[in-house]
Amino acid sequence: MAMFARKDRIPIPPKDAQKFITVCQYCNVGCGYNVYRWPVGKEGGLKPEQNALGIDFSKQGVALQTQSITETMYNVVRGEDGKLYNILIVPAMDSPINRGNYSIRGGTNAQAAYSPTKPTRDRLLYPMIRVGDQFMPVSWDEAIDLIARVVKGVKDKWGPDSIAMKIHDHGNAGAGFEDN
Amino acid sequence: MFMTKISRRTFIGGSAAMGALLTSPALVKALTSQPYPRVKVANIRNLRVGEPVSFNYPDKDSPAVLIKLGERAHGGVGPDGDIVAYSSLCTHMGCPVVYSKKRFLCACHYSLFDPAKNGQTYQGHASEWLPQIILRFEPRTGDIYAEGVEGLIWGRIRNILPTTRTRR
């Protein structure tokens with residue numbers, strides 16, 4: 001018996017599955033991924049014209065050429081409408097960055113998608129402040145008040161030039177996702 | 001699921017118990033969703049520690065490797081619980097993995113898998129562990145049968161293709 005639940009089949013995305021294009025949520029290489037989303041219980045066929053990926057699933061794939069689909073790329077999530085959806089997040093063959101290749105982390109993008117029945121439900125609900133050697137949940141008012149007083153204290157002591165703010169997603173200006 | 005952490009002791013204890021349980025065809029059915037064929041893949045008299053045996057399972061397009069590791073392994077069968085088999089297509093992009101020195105190595109992107117630990121990836125790009133083949137050992141004859149696959153074989157969306165010859 002496997003050490004964790006394994007799958008020996010994955011539902012096939014039907015022709016009318018929703019398709020989204022995304023970028024890997026992990027490192028700043030910025031690999032392209034395709035997301036397929038379709039209702040649980042619905043399934044496409046093995047023939048290329050019967051599924052959203054256009055792949056002939058009745059045959060064995062060819063190493064380094066066929067789209068990689070692993071158990072980790074599949075998950076079930078709950079949609080905004082409360083219904084369950086299958087999702088498949090696969091490395092994009094047509095992305096100039098990864099050309100269908102993927103890393104050990106990128107291959108798990110689907111597992112990290114929010115699902116109320118999976119470990120991803122354990123999300124932070126409150127701001128946390130470090131007190132001694134542990135984090136303590138506090139209200140938003142308390143957290144904002146603390147940040148405001150730290151920022152003002154720094155400004156009063158070292159002047160306005162002592163404060164800088166940097167916000168970015170995957171790398172700084174120009175060093176991230178030019179190709180995406 | 002590479003984040004799963006299991007101590008060596010837990011896993012060896014568990015695998016010994018599972019090895020005994022796996023002789024039940026009902027359990028094979030419970031662990032898998034497809035109609036797998038039952039195929040004789042080796043006889044224990046022809047096995048030597050560290051010498052891999054290649055075969056195809058569940059059909060000719062799916063290469064697999066059986067190995068007598070010389071140490072008790074997860075899902076291992078035989079008197080020493082050390083005989084295991086895996087799909088030999090790397091779960092990353094489908095290149096063949098090669099057995100050497102108690103590990104499976106893929107030469108395409110250098111993924112390494114541990115045959116004693118349920119095929120766990122411990123280096124490289126593969127997000128998923130190698131699919132392990134469920135084996136059954138017949139003590140009377142020494143024959144070893146393949147009875148199912150746990151995990152998705154690379155290059156497939158279902159382990160059993162329309163052309164696979166199954167029991168049904």
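Visitor: How far apart are the centres of domain 1 and domain 2 of chain A?

Guide: A good way to start is to look up where each domain lies, then compare their centres. In this predicted model, domain 1 of chain A covers 18-120 and domain 2 covers 128-162. Taken over C-alpha atoms, their centres are separated by 40 Å.

Visitor: Where does A:K118 lie in chain A?

Guide: For a residue outside helices and strands, look at the elements on either side. A:K118 is in the loop that runs between β4 (84-91) and β5 (128-131) of chain A. You can also relate it to a residue elsewhere in the chain: A:K118 and A:D8 are 110 residues apart in sequence, and from C-alpha to C-alpha they are 20 Å apart in space.

Visitor: And why is A:K118 called partly exposed?

Guide: Here we count neighbours. A residue is partly exposed when its count falls between the 12 or fewer of an exposed residue and the 20 or more of a buried one. A:K118 has 14 other C-beta atoms within 10 Å, so it counts as partly exposed.

Visitor: What can I read from helix α1 of chain A?

Guide: Try its length, then its surroundings. Helix α1 (residues 140-158) of chain A has 19 residues and spans 27 Å from first C-alpha to last, close to the 27 Å expected at 1.5 Å a residue. Because zero of the 19 residues of α1(A) are buried, the helix lies largely in the open. Just past the end of α1(A), look for A:G159, which has a positive phi of about 90 degrees.

Visitor: How many residues does each chain bring to the contact?

Guide: Count each side separately. Chain A gives 30 residues and chain B gives 38 residues. On the side of chain A that touches chain B, 13 residues are nonpolar, eleven are polar and six are charged.

Visitor: How many helices and strands does chain B have?

Guide: Walk along the chain and list the elements in turn. Chain B has two helices and ten strands, and along the sequence the pattern reads α-α-β-β-β-β-β-β-β-β-β-β. Of its 168 residues, 46% are buried. To see how the chain folds back on itself, take the contacts between residues at least 6 apart in sequence: 50% of these in chain B join residues at least 24 apart.

Visitor: In what order do the strands of the four-stranded sheet of chain B come?

Guide: Start at one edge and step across. This open sheet has the order β5-β6-β7-β8 (chain B), with antiparallel pairing. Its edge strands, β5 (97-100) and β8 (120-123) of chain B, each pair on one side only. From one strand to the next, the twist averages 35 degrees.

Visitor: Which bridges hold the neighbouring strands together?

Guide: Take the pairs one by one. β5(B) and β6(B) are joined by four bridges, with B:V98 partnered by B:L105. Two bridges join β6(B) to β7(B), where B:F104 has B:F113 as its partner. Strand β7 (residues 112-114) of chain B pairs with β8(B) over three bridges, and there B:F113 is partnered by B:T121.

Visitor: What do the hairpin turns look like?

Guide: Count the residues between the strands and check phi. The hairpin of β5(B) and β6(B) has two residues between the strands, and B:K101 takes a positive phi near 50 degrees. Between β6(B) and β7(B) there are five residues, and B:Y110 in the turn has a positive phi of about 60 degrees.

Visitor: Which side chains of β6 of chain B are buried?

Guide: Follow the strand and watch the faces alternate. In β6 (residues 103-106) of chain B, B:F104 and B:C106 point to one face and are buried, whereas B:R103 and B:L105 point to the other and are not.

Notes:
Residues are numbered from 1 along each chain as its sequence is written. Chains are lettered from A and ligands numbered from 1 in the order in which they are written. This is a predicted model: local features need pLDDT of at least 70, side-chain atom pairs count only at pLDDT 80 or more; totals for chains, interfaces and linings use all residues. Two residues are in contact if their C-beta atoms, placed from the backbone, lie within 7 Å. Ala, Val, Leu, Ile, Met, Phe, Trp, Tyr, Cys and Pro count as nonpolar, Asp, Glu, Lys and Arg as charged, and the others, Gly among them, as polar. Domain bounds come from an automatic or database domain assignment. Two strands pair if DSSP finds at least two bridges between them. Axes are lines fitted to C-alpha atoms, for helices over the stretch in contact, and angles run from 0 to 180 degrees between N-to-C directions. The expected span of a helix is 1.5 Å times one less than its number of residues.
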